[in-house]
Amino acid sequence: MSRLIPLVLLAAGLLPVNLIAADGKAAAAPAVAANGAAVPGDLGPPQGEPIHALLGVPPHVPPPIHRNYPAKVIVELEVIEKEMPISEGVTYTYWTFGGTVPGSFIRVRQGDTVEFHLKNAPDNKMPHNIDLHGVTGPGGGAASSFTAPGHESQFTFKALNAGLYVYHCATAPVGMHVANGMYGLILIEPPEGLSTVDHEYYVMQGDFYTTGKYREKGHQPFDMDAAIAERPTYVLFNGREGALTGDHALSAKVGETVRLFVGNGGPNLVSSFHVIGEIFDKVYYEGGTHAQENVQTTLIPAGGAMMAEFRVDVPGTYVLVDHSIFRAFNKGALGMLKVEGPTNKAIYSGKEVDSVYLGDRAGDNLHAVAVAAKANASGTLSKEEQVKAGQQLFEGTCSVCHQGSGEGMAGVFPPLAKSDYLAKLAKEKLISIPLHGLTGAITVNGKDYNSVMPPMAQLTDDEVANILTYVLNSWGNPGGQVSKEEVGKVRAQPAAAGGEAH
């Protein structure tokens, strides 16, 4: 009879469903505040055996929660300081939650009691802690989780508010810890759960500050002055250029639904998140419980998050970007969602996104660049290796204007193929063009041009050398070779003024 009592009360509407325990018995009542009012979001004490949380490795997330009662959930997260690639041929020392940037994805249910264990690996050099924006309590847990290397801290919190929340390290200097990759997401599902979708993915943006320039090869240390000035070298999805492109791209099939959990670790920049070629059916803005529909681009503040849901209707490659667009094509904030399946010309009749538009950031096509960088470092770089690397860089940087054939655009951009203008240039002048740009009237192969070529300041010395070596040895040009050292000397000189100068 005792088992029937709560069921009868439930049927009569006298007992909320969240007060029925997993065994059918009435659970203890939720906590009450000091003034006697019920604490919002407290669905009662945990029921059943404790659950060890399954954490998600980005871009993947743990499976949805199907429990209909609050539980005690044990989360164990280890801080690991490690050197990893930030771009091709470039490494950086990251501070991570769980060994990845962003950190492991945490998924619990509203009303759960979370027992949190933070471990700091014994070979780390720094103390760390964690501030979870989904925690109600001092510092979001930071006050209870300061952990020295080789130690472990534990604290417990009740997940009172449903939503998608950022977590990050809050040990001083906070900005440096966050800038080194110490951020992630925790999802607190509402009791009824989220709607069913075919795919869920985890994407998080962050801005990184290195002493070397964008794509400058070798190991690059953190630059505190650049971070304070809010001038990032890289703006990245999931901590590395190319983390979501090529073989690492997200995937779906025509007709499937996709949910993106997107966060912005910062530490400084606001994200203008957009998927080229898609419209978000729903956006749960700022990680909350309200949704906006039919959204093109959504703002995600530093330390904020959002959920986007959409159905993919035609095949192709959909490009994830920060629509502060120089960040996408010149700092690395670019990912891909590859959709396979039958075409539907009633919806879209065109072709897949053009690879020239995406350039060398569209996939894992920088192998020759990495080979050339390695050979250059060892002093064995050959002209053939430079030409191969230069071709890949040219296709991603220069071919939009000059075309892959080097023919240029009639009346607008001069040809590079069989160019009498290039043939008569001194090497220093040739190098100065990509470094400093070119403005003013010139004559190439008997035809006049008067357009503007902007300086390609984002290119490193070895990239400029490889591109020019490729141009000199292609399309009937006279040949030759440009070295990284020669480019460095020209870069150190001031740009000439007037006419054809840059």
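Okay, before anything else, one term: when I say buried, I mean a residue under 20% relative accessible area. And keep in mind that this is a predicted model.

Let's start with helix H7, residues 383-397. Its buried residues are Gln386, Ala389, Gly390, Leu393, Phe394 and Gly396. They sit on the same side of H7, because together they cover an arc of only 160° around the axis. As a reminder, an α-helix has 3.6 residues a turn, so residues three or four places apart point the same way. Now, what does the face of H7 turned away from the buried side carry? That would be the exposed residues Glu384 and Lys388. The length of H7 works out too: 15 residues at 1.5 Å each should span 21 Å, and the end C-alpha atoms are 20 Å apart, which agrees.

Next, cysteines. How many disulfides does a search of the whole structure find? Zero. Take Cys398: the nearest cysteine sulfur belongs to Cys401, and that is 8.6 Å away. Seen from Cys401, the closest cysteine sulfur is the one in Cys398, and 8.6 Å is too far for a bond. As for their surroundings, Cys398 counts as buried at 16% relative accessibility, while Cys401 is partly exposed at 29%.

On to the strands. E3, residues 90-97, has six of its eight residues buried, so the rest of the structure largely encloses this strand. E3 pairs with E2, residues 72-87, in the antiparallel sense, over eight bridges. The two make a hairpin with two residues between them, and Gly89 in that turn has a positive phi of about 75°. Right by the turn, Ser87 has Val90 of E3 as its bridge partner. E3 also pairs with E11, residues 218-219, this time in the parallel sense over two bridges. There, Val90 is partnered with Gly218. So Val90 turns up twice, bridging to Ser87 and to Gly218.

E15, residues 271-276, is mostly covered as well, with five of its six residues buried. Which strands does E15 pair with? E18, residues 297-300, is one, antiparallel over four bridges, and E20, residues 316-322, is another, also antiparallel over four bridges. Look at His274 here: its bridge partner in E18 is Thr297, and in E20 it is Val321.

Last topic, salt bridges. Searching the whole structure gives 14 of them. One of these joins Glu115 and Lys72, with the closest N and O atoms 2.9 Å apart. Glu115 lies in strand E5 and Lys72 in strand E2, so this pair ties together parts that are 43 residues apart in sequence. Glu115 counts as buried, at 12% relative accessibility, whereas Lys72 counts as partly exposed, at 29%.

Then there's Glu189 with Arg107, meeting at 2.6 Å, N to O. That pair links distant parts of the chain, Glu189 in strand E9 and Arg107 in strand E4, 82 residues apart. Both Glu189 and Arg107 are buried.

The helices have one too: Asp461 and Arg491 meet at 2.5 Å, N to O. Asp461 is in helix H11 and Arg491 in helix H12, 30 residues apart. Arg491 counts as partly exposed, at 26% relative accessibility.

And to finish, which residues are joined into one network by salt bridges that share partners? Arg107 and Glu189 again, along with Glu200, Arg259 and Glu309.

Notes: Residues numbered from 1 in each chain as written. Predicted model: local features only at pLDDT ≥ 70, side-chain atom pairs only at ≥ 80, totals over all residues. Heavy atoms only, no water. Expected span 1.5 Å × (residues − 1). Buried < 20%, exposed > 50% of the residue type's maximum accessible area, 1.4 Å probe, protein only. Arc of directions from axis to C-beta. Disulfide = S-S within 2.5 Å. Pairing = 2+ DSSP bridges. Salt bridge = Lys/Arg side-chain N within 4 Å of Asp/Glu carboxyl O.
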